Amino acid sequence: MKRLVFLTQAIDPSHPALAATIPMVRALAARVDEVVVVAQTAADAALPRNVDVQTFGADSRAGRAISFERRLVRSLPADAVVAHMIPAYVLLAAPVVRPRRIPLVLWYTHWKASRQLRVAERLATAIVSVDRRSFPLASAKVRAIGHGIDVSEFECSARAAHDGVRALVLGRYSPAKGLETILRAVHDVDGVEVELHGAALNELERRHRAELAQLGLPLGDAVARSELPALFARSDVLVNNMEAGAPDKVVYEAAAACLPVLASNPVFDDLFAGYPLFFERTSPDSLAESLRWFAGLRSDEREAIGRTLRERVARSHSVETWADGVLAAAAA
């Protein structure tokens, strides 16, 4: 493949979530002659020389749509166009791309099935997601390719012996994250300390954070992506309670750092195979039982779980296997 166009919201190495897009672009660039990134915004980032970044920012939605179309047309011809997580990019790109018989691939992993997504499913030539269950519509176009984790970004850290269990929770203050269940469970288990970090990006999330504060446990703000390795290193376990259908990337990132994970989403069944790491999503008692089980493990048993999870991420959810899956979907 000579040229690939990658449509995304932002190139920003400091963003807590969107910074993970940069390793994806690097992995694609290692496999094709040229990558053209069309992004709404872009900051300085260490990208390969064969990556060209074009921005379409404007003051209005109509202005952004016009600028998007212009940048996309300038990026053609191409061997494939990949839309990253935003169905609207497929809707805007299809009238330009499909008549030219250029493959149009959507990467999407979320539980929400919007009207735009339903239209995008019809317009895309292929859809790639972590798992068939992480795409919320039934579609023959879906290919499960795993997540795209830059495993080299995370190291296995030796965790110093200490009393109790340090539980880490990361994610937005959205009701979909199931944070109330986590906090109530932690409150019921002696010896478990929780460190929670997240952003409240809209009024719903700000109200939910205020409701969670009434439970009396500390609530932290979002952290920069560069702080994740240190957070993982000082924690004993990550707890994740995201609504089914959306496999949180942070679960795979924690696993890449050899940090054991407790989660409720059944989509992690391959990652967790052989270990009792699941709890019932709406049951604080179920999570409390899992935390007590984890607290009773020896340090070498916890380490063995973490190393196994890292090996599974490297094998099936690395940014390299992700890029290979995207290109295979485009070529199919």
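Two strands are taken to pair if DSSP finds at least two bridges between them. In this predicted model, pairing of that kind joins seven strands into an open sheet with parallel pairing, in the order E3-E2-E1-E4-E5-E6-E7. The points below take up that sheet, the helices that pack on it, a crossing between two helices, and an enclosed cavity.

**The sheet**

- Strand E3 (51-55) and strand E7 (142-144) are the edge strands of the sheet, each of them pairing on one side only.
- Averaged over the sheet, and with direction ignored, neighbouring strands are turned by 25 degrees against each other.
- Strand E4 (residues 80-84) pairs with strand E5 (residues 104-107) in the parallel sense, and this pairing extends over four bridges; within it, Val-81 has Leu-104 of E5 as its bridge partner.

**Helices packed on the sheet**

- Helix H1 (residues 21-29) packs on the sheet, where it touches strand E1 (3-11), strand E2 (34-42), E3, E4 and E5, and the direction of H1 makes about 170 degrees with that of E1.
- Helix H12 (residues 319-331) also packs on the sheet, with contacts to E1, E4, E5, strand E6 (126-129) and E7, and the direction of H12 makes about 165 degrees with that of E6.

**The crossing of H8 and H11**

- Helix H8 (residues 249-256) and helix H11 (residues 299-316) have axes that come within 7 Å and cross at roughly 115 degrees, and the crossing in which H8 passes H11 is left-handed.
- On the H8 side the contact is made by Tyr-252, Ala-255 and Ala-256, while H11 contributes Gly-306, Leu-309, Arg-310 and Val-313.
- By residue class, the contact of H8 with H11 divides into five nonpolar residues, one polar residue and one charged residue.

**The cavity**

- When the whole structure is searched, one cavity of 30 Å³ or more is found, and the largest cavity holds about 40 Å³ of space.
- The lining of the largest cavity consists of Val-169, Leu-170, Gly-171, Lys-177, Leu-179, Ile-182, Val-239, Asn-240, Asn-241, Met-242 and Asp-248.
- At least two residues of this lining come from each of strand E8 (165-170), helix H5 (179-187) and strand E11 (237-240).
- Sorted by class, the lining residues of the largest cavity comprise six nonpolar, three polar and two charged.

Key. Residues numbered from 1 in each chain as written. Predicted model: local features only at pLDDT ≥ 70, side-chain atom pairs only at ≥ 80, totals over all residues. Heavy atoms only, no water. 1 Å grid on protein atoms, 1.4 Å probe; cavity = no way out; pocket = protein on both sides within 12 Å on 5 of 7 lines; lining within 4 Å. Points joined across faces, edges and corners; volume = space filled by probe spheres on them. Nonpolar A, V, L, I, M, F, W, Y, C, P; charged D, E, K, R; others polar. Axes fitted to C-alpha atoms, helices over the stretch in contact; angles between N-to-C directions. Contact = heavy atoms within 4.5 Å. Left-handed = near helix turned anticlockwise from the far one by under 90°.
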